[in-house]
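Reader: I am in my first year and still learning to read structures, so could you take me slowly through a single part of this one?

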Amino acid sequence: MLLNFLKRLIHFIKRQPFIRCLGRLPYLSKGYCDNEIYIDPLWNHTLANSPEQIQYFQSILNSNLVAMSFHEVVNLHRIVSRTNHLSGDLAECGSFHGGSALIMAKANESKKPIHLFDTFTGIPEITADVDLLKVGDVKGSALDDVRNLLYEFNDLIRYHVGFFPETTLEIPLETKFSFVNLDMDVYESTKAGFEYFYPRMTRGGAIICHDYFSKSCPGVKKAVDEFFADKPETLIDLWHTQIVMIKL
């Protein structure tokens, strides 16, 4: 009986946020989030009835394919699913190791084209006195590695390698988008992302912007706030660092 009590006590202690954070101290300065979800009997959420989906999300997180939290991964998957009925392509700016693109592709039941934009060499430029990151930071996997990860969806994916927004010249002018994931980390790139995609969004389409609430990416919030200062859309806060815009 004492042994069972001690086991429960140890399990309880391990689950406390402060204790969990101790093991993550090397990553906190990089803005990484929790990559696990702790299910208890009081977790009143239908996702608890889908252990396979939880395991799928966690496999991506635990493989370090994304620098996102569990909740952000779920947000991404769900909003892609919610826009499946709309016309328009999908796009992502900032693909890192390809994990978020994989989540988008899995949720893309309508089999729409997916455009991936990345330099594949890290952050291409920064704005002094605004961005905290440096040129070359957040370098993800090489293009071939991302292609290999997404091999089963490569008939739908268009890779646009280079400096954004110059790489958008490869896309036909009439192209519309139903979903966009912006994960560009710095001021100028984020601003360019909204300037390009906003007028090309299908009505009801969604743009998720990662790192809006990130302490390590203040340029993202600055770019978003400036861009939407005169726009009619309401920005909706998501957990942890994301926001989403639904095009009117």
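Author: What follows is a close look at one helix, then at two cysteines and the nonpolar cores.

This is a predicted model, in which local features need pLDDT of at least 70 and side-chain atom pairs count only at pLDDT 80 or more, while totals for chains, interfaces and linings use all residues. Residues are numbered from 1 along each chain as its sequence is written, and side-chain values use heavy atoms, leaving out hydrogens and water.

In helix H9, residues 218-227 (helices are DSSP runs of H or I with at least four residues, strands are runs of E with at least two, both numbered from the N terminus), the residues Gly219, Val220, Ala223, Val224 and Phe227 are buried, meaning under 20% relative accessible area with a 1.4 Å probe and protein chains only. They lie on the same side of H9, because they cover an arc of only 130° around the axis, taken from the directions from the helix axis to the C-beta atoms. These buried residues pack against helix H8 (187-197) and strands E5 (201-209), E6 (235-237) and E7 (243-246), where contact means heavy atoms within 4.5 Å.

Cys217 is buried as well, at 4% relative accessibility, and Cys209 is buried at 1%. The sulfur of Cys217 has its closest cysteine sulfur in Cys209, 9.6 Å away, which is too far for a bond, since a disulfide is a pair of cysteine sulfur atoms within 2.5 Å; by this rule the count is 0 disulfides.

In the largest nonpolar core (buried Ala, Val, Leu, Ile, Met, Phe, Trp, Tyr and Cys residues joined through side-chain atoms within 4.5 Å), which has 34 residues, Leu150 and Phe179 touch the most other members. Apart from that core lies another, of 28 residues, and Cys217 is among them.

Note on methods. Buried < 20%, exposed > 50% of the residue type's maximum accessible area, 1.4 Å probe, protein only.
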